Amino acid sequence: MKIKKIALFLLAVVMVLSLSACAEGNETAENGGNTDSSQSNTEESQTQEVSASEPDNGTKDNKILVAYFSATNNTEGVAQKLADGLDADLYEITPQQPYTDKDLEYGNSKSRTSVEMNDPDARPAISGSVENMEQYDVVFIGYPIWWGEAPRIMSTFIESYDFTGKKIAPFCTSASSGFGSSDSALRSAASGAVWLDGQRFSAGASADDILAWANGLGIN
């Protein structure tokens, strides 16, 4: 009997020691798992913080200006539709001395417009100016066709600012004349700019047609 009791006692001791060792092993494993999880969460948090602090390198929309000269309001209508469609700023090129109906008598060789267009060096003065021209990435310039060219006041405008690095997109209005080389003098005066293909519109051009041309230039 004594031997049997001793054997049972020893078996009980062995079982207690085994259970204690297993419990300690499980605790160690669990603690190790929690440590790894904590480190992983910390690293992920740090990665997220670094990513959040990095600057956004995506391209942003260009800042656009639509500047126009309109003696009879035909170009003005096209310019307004263009500015509205592109969410652009609008600036009217206003002559210091407004053009009268008599000034616009194209058949009169002595009219103001005839005299100006016969003189390549004529530079009619402009009233006012564009504030912070440097902020614009793209400048649309609009004008009527006079004697197959842009009015001389457009040369005054182009020569008044530094367009280096900017994109310039010309457009014009006329009853019948095409765009042609109407922008040649302006292009020469803005040699530092990226000059885009121009377009001629009728006074009643639709917003869809105007924006189809503008969006086809790849300005953004």
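A cavity here is a set of grid points where a 1.4 Å probe fits but cannot get out, and its lining residues are those with an atom within 4 Å of a point. The model is predicted, and it holds one such cavity of 30 Å³ or more.

The space in this largest cavity is about 40 Å³. Its lining is made up of Glu-149, Ala-150, Pro-151, Arg-152, Met-154, Ser-155, Ser-182, Ala-185 and Leu-186. Two elements each give two or more residues to that lining: helix α4, residues 152-158, and helix α5, residues 184-189. Of these, α4 supplies the largest share, with three residues. By character, the lining residues divide into five nonpolar, two polar and two charged.

Elsewhere in the chain, two strands pair. Strand β1 covers residues 64-68 and strand β2 covers residues 89-92; they run parallel and are joined by four bridges. One of the paired residues is Tyr-68, whose bridge partner in β2 is Glu-92. Between the two strands the chain passes through helix α2, residues 74-86, and the resulting β-α-β crossover is right-handed.

How far can the model be relied on along the chain? The average pLDDT of the protein chain is 81, and 73% of the residues score at least 70. Residues 1-8 stay under 50, and the model shows zero contacts for them beyond four places in sequence. The stretch 19-59 also has a pLDDT below 50, with zero contacts beyond near neighbours in sequence.

Conventions: Residues numbered from 1 in each chain as written. Predicted model: local features only at pLDDT ≥ 70, side-chain atom pairs only at ≥ 80, totals over all residues. Heavy atoms only, no water. 1 Å grid on protein atoms, 1.4 Å probe; cavity = no way out; pocket = protein on both sides within 12 Å on 5 of 7 lines; lining within 4 Å. Points joined across faces, edges and corners; volume = space filled by probe spheres on them. Nonpolar A, V, L, I, M, F, W, Y, C, P; charged D, E, K, R; others polar. pLDDT = per-residue confidence, 0-100. Contact = heavy atoms within 4.5 Å. Pairing = 2+ DSSP bridges. Right-handed = clockwise from strand over helix to strand, strands pointing away.
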